[in-house]
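Here is a brief report on one protein chain. It covers salt bridges, helix packing, the nonpolar core and overall make-up.

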Amino acid sequence: RTDRWTVNVRADGALASGQTPVTLDELRMMVAQRVQADPDLKVYLRADRATPHKTVRQVMNAMAESGVGDFIFGVLSPGEDEE
């Protein structure tokens, strides 16, 4: 989605901003910087269907604490091109 920043959550809990691997702390910092530049930042959060809900919720909470309030969700399929 070109109008949204894509964050991927893999089944093992690994995170990526697009295709770039990040930690949860790095993601928090990135979100804070992006929200400062664009207060209306929109996020496309894609998680592997095997990712535990608890992990997805942790990512959502981290982004919300940093100021993101607009999420859409999708399922990340293995082998799918990641933006």
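## Salt bridges

The salt-bridge count comes to two. The model is a predicted one, and the distances below are computed from its atoms.

One bridge joins the side chains of aspartate 70 and arginine 4, with 3.2 Å from N to O. Aspartate 70 sits in strand 5, residues 70–76, while arginine 4 sits in the segment before strand 1, so this pair ties together parts that are 66 residues apart in sequence. How buried or exposed are the two partners? Arginine 4 has a relative accessible area of 14%, so this residue counts as buried, the limit being under 20%. Aspartate 70 has 27% and is partly exposed.

The other bridge links aspartate 25 to arginine 28, and its closest N and O atoms are 2.8 Å apart. This pair stays inside one element. Both residues lie in helix 1, three residues apart, which is about one turn of the helix. Aspartate 25 is exposed at 52% relative accessibility. The cut-off for exposed is over 50%. Arginine 28 is partly exposed, with a relative accessible area of 30%.

## Helix against helix

Two packed helices are described by the angle between their axes and the distance between the axes. Here helix 1 and helix 2 pack at an angle of about 35°, and their axes are 8 Å apart. The crossing of the two is right-handed. Which residues make the contact? Helix 1 supplies Leu24, Leu27, Arg28 and Val31. Helix 2 supplies Gln58, Val59, Ala62, Met63 and Glu65. By class, the contact has six nonpolar residues, one polar residue and two charged residues. Arg28 of helix 1 therefore has two roles: it takes part in the helix contact and is the partner of aspartate 25 in a salt bridge, as both residues meet the rule of a side-chain nitrogen within 4 Å of a carboxyl oxygen.

## The nonpolar core

The largest nonpolar core has 17 residues. Val7, Leu27, Val43, Val59, Met63 and Val68 touch the most other members. Which elements give two or more residues to this core? They are strand 1 (5–9), helix 1 (24–37), strand 4 (42–48) and helix 2 (53–65).

Valine 59 deserves a closer look. Leaving aside neighbours within four places in sequence, valine 59 is in contact with Val7, Val9, Leu15, Leu24, Leu27 and Leu45. Two of these partners, Leu24 and Leu27, also belong to the helix 1 side of the helix contact. Leu27 is also among the residues that touch the most other core members.

## Residues of helix 1

Aspartate 25, glutamate 26 and glutamine 36 can be set side by side. Aspartate 25 is in helix 1, as is glutamate 26. Glutamine 36 is found in helix 1 too. Glutamate 26 counts as partly exposed at 35% relative accessibility. Glutamine 36 is exposed, with a relative accessible area of 70%. Each has a C-alpha separation to a residue elsewhere along the chain, listed here.

| Residue | Partner | Apart in sequence | C-alpha to C-alpha |
|---|---|---|---|
| Glutamate 26 | Leucine 15 | 11 residues | 9.8 Å |
| Aspartate 25 | Valine 59 | 34 residues | 10.0 Å |
| Glutamine 36 | Serine 66 | 30 residues | 9.6 Å |

Valine 59 returns here as the partner of aspartate 25, with 10.0 Å between the C-alpha atoms.

## Overall make-up

How many helices and strands does the protein have? There are two helices and five strands. From the N terminus on, the elements run β-β-β-α-β-α-β. Buried residues make up 40% of the 83 residues. Consider contacts between residues at least 6 apart in sequence: 73% of them join residues at least 24 apart. The bridge between aspartate 70 and arginine 4 also spans the chain, with its ends 66 residues apart in sequence.

Definitions and conventions:
Residues numbered from 1 in each chain as written. Predicted model: local features only at pLDDT ≥ 70, side-chain atom pairs only at ≥ 80, totals over all residues. Heavy atoms only, no water. Core = buried A, V, L, I, M, F, W, Y, C linked by side-chain atoms within 4.5 Å. Buried < 20%, exposed > 50% of the residue type's maximum accessible area, 1.4 Å probe, protein only. Helix = DSSP H or I, 4+ residues; strand = E, 2+ residues; numbered from the N terminus. Contact = heavy atoms within 4.5 Å. Axes fitted to C-alpha atoms, helices over the stretch in contact; angles between N-to-C directions. Left-handed = near helix turned anticlockwise from the far one by under 90°. Nonpolar A, V, L, I, M, F, W, Y, C, P; charged D, E, K, R; others polar.
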